[in-house]
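Here is a friendly note to read with the model open beside you. Take the points one at a time, and find each residue before you move on.

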Amino acid sequence: MERYWNKTVETMERGRLRELQLEKLRATVENVYANVPYYREKMQAKGMLPGDVKTLDNLSDLPVTTKQDLRDTYPFGLFAVPMEEIVRIHASSGTTGKQTVVGYTRRDIDVWAECMARCLVMADADKHSRVQVSYGYGLFTGGLGAHYGAEKLGAVAIPASSGNTQRQIAMLVDFGVTHLCCTPSYAMYIAETLYEMGFAKDDIKLKAGCFGAEPWSAGMRAEIESRLGIRAHDIYGLSEIMGPSVSQDCRCQSGLHIWEDCYIPEITDPDTGLPVRDGEQGDLVITTVNKEGIPLIRYKTRDICSLNYEKCDCGRTHVRMSKPAGRTDDMLIIRGVNVFPSQIEAVLLSMGEVQPHYQLIVDRVNNLDTMTIEIEVSESVFSDHVKGIEDYERRIGRQMESVLGLGAKIRLVEPKSIARSEGKAKRIIDKRKFD
Ligand code: DLL
């Protein structure tokens with residue numbers, strides 16, 4: 001029997017859900033028009049008034065919001081309530097430019113915890129569960145986001161934060177932890193350390209994990225599931241929209257349910273900004289319709305995915321987004337070919353013997369882009385004779401070339417030689433200079 005945190009909402013008939021979305025969208029547009037001068041000006045520039053939003057189709061008439069808009073109004077310019085109603089601030093550092101700051105009212109924190117509780121229940125948690133939150137606590141939304149959801153559920157929240165991996169293992173074992181929340185790369189690291197410390201799968205009570213904050217492949221999921229003996233759920237979110245729990249996959253693991261009573265998703269063409277055809281991939285654009293602190297209209301996430309409105313076997317009616325395939329902006333363009341680290345990971349994990357620890361080094365030599373992929377292999381491969389290693393490198397190289405349409409130099413490296421990460425993994429070293 002499927003369990004839900006909020007059955008009425010999670011299984012709401014789609015017609016009713018759309019009515020609810022329209023009602024909330026209209027209220028959101030009224031709100032930003034009245035309270036956020038930046039949005040009022042953007043709408044005026046398009047000759048729009050809030051009353052022009054009559055159906056959900058009018059959504060695409062509204063102006064889009066980008067990370068740059070948040071930077072231009074840094075720090076609080078897009079807040080729709082006075083500061084005395086804000087009870088929390090988070091920020092996302094990003095890789096370039098100023099950080100983007102988001103503010104939450106008490107009600108926002110509640111809505112966020114509600115969505116996170118729904119995700120944890122999808123991962124089969126309940127009030128008897130013990131949830132180790134090994135996302136970083138701080139301005140990053142991972143730690144506190146997952147934490148409040150676990151508490152809302154009535155489970156035991158264990159605010160481990162990230163780092164000090166041996167202590168993480170001690171908590172996992174000693175506290176009988178049933179659910180782990182962290183980045184997939186950290187889950188791999190935790191699994192590795194667990195066995196190194198002499199524990200076995202039976203020493204832990206872990207049942208499931210909510211892993212996200214970075215792209216990861218189906219192969220990586222299979223690795224985590226088999227190493228820890230758990231079900232690994234993919235949780236997605238971004239600080240601009242709320243944090244973790246914008247969407248997560250259910251036990252069917254066939255797409256991540258976006259909580260549509262709070263967020264309206266669209267998929268647009270990354271170049272033209274126009275809507276793509278049903279089911280096609282593109283840039284995920286999200287409008288928040290249940291948020292007070294910083295409601296965002298048509299926020300361009302730059303995450304690439306598609307939407308599936310078919311009914312899911314779990315009974316939830318909320319749309320499913322495909323696993324984010326990468327970002328339009330961390331997409332590497334190498335010799336004119338678009339490359340996503342997630343494609344590389346998928347190839348590697350399909351080959352066996354290699355570990356999901358790898359690093360891409362991109363450089364430009366004599367005006368030509370080069371890509372080297374360093375991959376850890378298991379001890380047995382590495383202790384093999386040189387010829388064996390070279391053959392293996394060639395095989396991976398051929399496979400990589402056929403999938404990416406681009407040649408890469410493959411360098412197999414010893415187990416443990418690539419730095420482990422406790423948060424989001426840094427997989428790309430781009431040495432090219434573009435200026
Ligand atoms: O990473 C929020 C989060 C925390 C999500 C914990 C899930 C778990 P930001 O730091 O603002 O927020 O980064 C957001 O991370 O636009 C995606 O590119 C990427 N991302 C997040 N979840 C996933 C996922 C948090 N499950 C950016 N798969 C997003 C792939 C993800 N990419």
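Which ring does the charged end of Arg118 sit over? Turn to Trp259: the charged end of Arg118 is placed over that ring, 4.9 Å from its centre. Please keep in mind throughout that this is a predicted model.

1. **Another charge over a ring.** Arg88 is worth finding too, as this residue lies over the face of Tyr148. Here the distance to the ring centre is 4.7 Å.

2. **Aromatic pairs.** Searching the whole structure turns up five aromatic pairs. One of them joins Phe76 and Phe79, with ring centres 5.2 Å apart and planes at 40°, so this pair counts as tilted. An angle of 40° falls into that class because stacked planes are under 30 degrees apart and edge-to-face planes over 60. Phe76 is partly exposed, at 35% relative accessible area, whereas Phe79 is buried, at 6%. Another pair is Phe211 with Trp216, which is edge-to-face: the centres are 6.1 Å apart and the planes make an angle of 85°. Both Phe211 and Trp216 are buried.

3. **Strands β1 and β2.** Now look at β2, which covers residues 100-105. How many of its six residues are buried? The count is six of six, so the strand is mostly covered, given that buried means under 20% relative accessible area. In a regular strand, side chains alternate between the two faces of the sheet. In β2, Thr100, Val102 and Tyr104 point one way, while Val101, Gly103 and Thr105 point the other way. Its partner β1 (residues 86-92) pairs with β2 in the antiparallel sense, over six bridges. To find your place in this pairing, look for Ser92, which stands opposite Thr100 of β2.

4. **Strand β5 and its two partners.** Strand β5 spans residues 179-182. His179 and Cys181 point one way from β5, Leu180 and Cys182 point the other way, and all are buried. β5 runs parallel to β3 (residues 130-133), joined by three bridges, and Val131 stands opposite His179. β5 also runs parallel to β6 (residues 208-212), this time with four bridges. In that pairing, Cys182 stands opposite Phe211, the buried residue you met in the edge-to-face pair with Trp216.

5. **The ligand.** Which residues are closest to the ligand? Of the 21 residues that surround the ligand, the closest are Asp234, Ile235, Ser239, Asp303 and Lys424. Lys424 has a polar side-chain atom 2.9 Å from an oxygen atom of the ligand. A side-chain N or O atom of Arg327 is also 2.9 Å from a ligand oxygen atom. A nitrogen atom of the ligand lies 3.0 Å from a polar backbone atom of Ala213. On its own the ligand has 610 Å² of accessible area, and the protein covers 93% of this. Two elements, α6 (141-153) and β7 (231-238), give two or more residues to the surrounding shell. The most come from β7, which gives five residues.

6. **Leu238 in β7.** Staying with β7, find Leu238, which lies in this strand. Leu238 counts as buried because its relative accessibility is 11%, under the 20% limit. Its C-alpha atom is 9.7 Å from that of Phe140, although the two residues are 98 apart along the chain.

7. **A polar contact in β18.** Glu374 sits in strand β18 (residues 368-377). Is this residue buried or exposed? Glu374 is buried, with 14% relative accessible area. Its side chain makes a polar contact of 2.6 Å with the side chain of Arg411.

8. **Backbone details to check.** Most residues other than glycine have a negative phi, and most peptide bonds are trans. Ala213 has a positive phi, near 85°. Ala213 belongs to the loop between β6 and α9 (218-228) and is partly exposed, at 30% relative accessible area. Arg298 also has a positive phi, near 50°. This arginine lies in the loop between β11 (282-288) and β12 (299-305) and is buried, at 4%. Finally, the peptide bond from Tyr74 to Pro75 is cis, with omega near -5°. Look for Pro75 in the loop between α4 (67-72) and β1.

Terms used: Residues numbered from 1 in each chain as written. Predicted model: local features only at pLDDT ≥ 70, side-chain atom pairs only at ≥ 80, totals over all residues. Heavy atoms only, no water. Phe/Tyr/Trp six-rings, centres within 6.5 Å; stacked < 30°, edge-to-face > 60°. Buried < 20%, exposed > 50% of the residue type's maximum accessible area, 1.4 Å probe, protein only. Lys NZ or Arg CZ within 6 Å of the ring centre and 35° of its normal. Pairing = 2+ DSSP bridges. Near = heavy atom within 4 Å. Polar contact = N/O pair within 3.5 Å; in protein donor to acceptor, adjacent residues only side chain to side chain. Areas by Shrake-Rupley, 256 points an atom, 1.4 Å probe, with all protein chains shown as cover.
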